[in-house]
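Got the viewer open and a free hand for the selection tool? Let's walk through this one stop by stop.

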Amino acid sequence: MFGFLKKKENELEKIELPPLEVDGEKEIICAPMNGEAVASSEISDLTFQKEMLGKSIAIKPAEGKVYAPADGKIEMIIETLHAVSMTTAGGAEVMVHVGIDTVALKGKYFKAHVKEGSMVKRGDLLLEFDMEAITAAGYEMISPVIICNTDDYADIERVIGKTVQVGETIIKLNK
């Protein structure tokens with residue numbers, strides 16, 4: 001009877017975001033979660049700390065949701081739902097990895113809202129996770145945001161040392 005109140009099955013949750021700032025020739029990557037943006041050097045895992053997968057920043061999340069940091073295509077959702085990667089409309093390969101060593105949870109406390117191959121817009125909900133349960137299980141919540149094709153860019157500017165909101169610029173990529 002009240003079917004019009006239900007979301008369509010293929011409709012993603014999306015938050016309302018201000019228009020994206022444009023900075024000349026630079027591609028903009030936005031915060032995929034609310035929290036404190038910090039340098040990769042603050043991550044305890046050496047793979048992320050030493051940026052072996054690409055230049056990155058990390059976010060200490062304030063809530064358990066990951067949103068699309070740009071328009072693009074979901075390339076991979078790790079089977080254990082703790083990480084998602086996408087290619088943006090501008091060609092950046094972005095991975096958001098929730099927490100450190102959370103792969104060991106085998107998907108417990110995580111929920112995906114998209115599938116591989118999904119086309120998403122900046123601000124679409126990608127993943128949810130239970131921060132309290134993950135922290136209680138002994139895992140760090142600091143979450144790397146990685147540009148996996150770093151070598152495709154001449155310059156990468158990063159915003160660190162401040163609280164960020166979903167949709168705010170955190171990385172600028174210059175070809």
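Before zooming in, keep the whole chain in view: residues 24 or more positions apart account for 71% of the contacts in the protein with a separation of 6 or more. You are looking at a predicted model.

**The whole chain**

Start by colouring by pLDDT. The mean over the protein is 90, and 86% of its residues reach 70 or more. Then select residues 1–10: pLDDT is below 50 there, and beyond near neighbours in sequence the stretch has 1 contact in the model.

Switch to a cartoon, and you should find 2 helices and 14 strands. Of the 175 residues in the protein, 47% are buried. If you turn on a surface, about 9,200 Å² is exposed, with carbon and sulfur atoms supplying 50% of that area.

**The sheet of eight strands**

Next, select the strands β9, β5, β6, β7, β11, β3, β2 and β13. In that order, these 8 strands form an open sheet with antiparallel pairing. Which strands stand at the edges? They are β9 and β13 (162–164); each has a single partner strand, so one side of each is left without a neighbour in the sheet.

Now step inward to residues 93–97 and 143–147. These are β7 and β11, which pair in the antiparallel sense over 3 bridges. To see one pair directly, pick Val94, whose bridge partner in β11 is Ile147.

**Ser56, in β3**

Stay with this sheet and select Ser56, which belongs to strand β3 (residues 56–61). Is Ser56 buried or exposed? Its relative accessibility is 2%, so Ser56 counts as buried.

Show side chains around Ser56. A polar contact of 2.6 Å links the side chain of Ser56 to the side chain of Ser40. Leaving aside residues up to four places away in sequence, Ser56 touches Ser40, Phe48, Glu51, Val145, Ile146 and Arg158.

One of those neighbours deserves its own click. Glu51 sits in the loop between α1 (46–49) and β3. Check its backbone: Glu51 is not a glycine, yet its phi is positive, at about 55°.

**A second positive phi**

For another such residue, jump to Asp101, in the loop between β7 and β8. Here phi is about 65°, again positive in a residue that is not a glycine. Asp101 counts as partly exposed because its relative accessibility is 46%.

**The sheet of three strands**

Select β1, β14 and β12 for the next stop. They make an open sheet of 3 strands in the order β1-β14-β12, with antiparallel pairing. At the edges are β1 (27–30) and β12 (155–158), each pairing on one side only. Sight along the sheet and follow the twist, which averages 20° from one strand to the next.

Zoom in on β1 and β14 (residues 169–174): the two run antiparallel and are joined by 4 bridges. Glu27 stands opposite Leu173 in β14, and Ile28 has Lys172 of β14 as its bridge partner.

Now rotate until you look down β1. Which way do its side chains point? Glu27 and Ile29 point one way, Ile28 and Cys30 point the other way, and all are buried.

**Around β10**

Move on to β10 (125–129). This strand is mostly covered, with 4 of its 5 residues buried.

Select residues 65–67 as well, and you have β4, which pairs with β10 in the antiparallel sense over 3 bridges. In this pairing, Tyr67 stands opposite Leu125 in β10.

Then add residues 110–112. This is β8, and β8 and β10 also pair in the antiparallel sense over 3 bridges. Look for Lys111, whose bridge partner in β10 is Glu128.

**Last stop: Arg122**

Finish in the loop between β9 (119–120) and β10, where you will find Arg122. Does this arginine count as buried or exposed? With 12% relative accessibility, Arg122 counts as buried.

Draw a distance from a polar atom of the Arg122 side chain to the backbone oxygen of Gly167, and you should read 3.2 Å. Then connect the C-alpha atoms of Arg122 and Pro32: these residues are 90 apart in sequence but 8.7 Å apart in space.

Definitions and conventions: Residues are numbered from 1 along each chain as its sequence is written. This is a predicted model: local features need pLDDT of at least 70, side-chain atom pairs count only at pLDDT 80 or more; totals for chains, interfaces and linings use all residues. Side-chain values use heavy atoms; hydrogens and water are left out. pLDDT is the predictor's confidence in each residue, from 0 to 100. Contact means heavy atoms within 4.5 Å. Buried means under 20% relative accessible area, exposed over 50%, partly exposed in between (1.4 Å probe, protein chains only). Accessible areas come from the Shrake-Rupley method with a 1.4 Å probe; for residues, only the protein chains shown count as cover. A polar contact is a pair of N or O atoms within 3.5 Å; within protein, one must be able to donate a hydrogen and the other to accept it, and residues adjacent in sequence count only if both atoms are side-chain atoms. Two strands pair if DSSP finds at least two bridges between them. Axes are lines fitted to C-alpha atoms, for helices over the stretch in contact, and angles run from 0 to 180 degrees between N-to-C directions.
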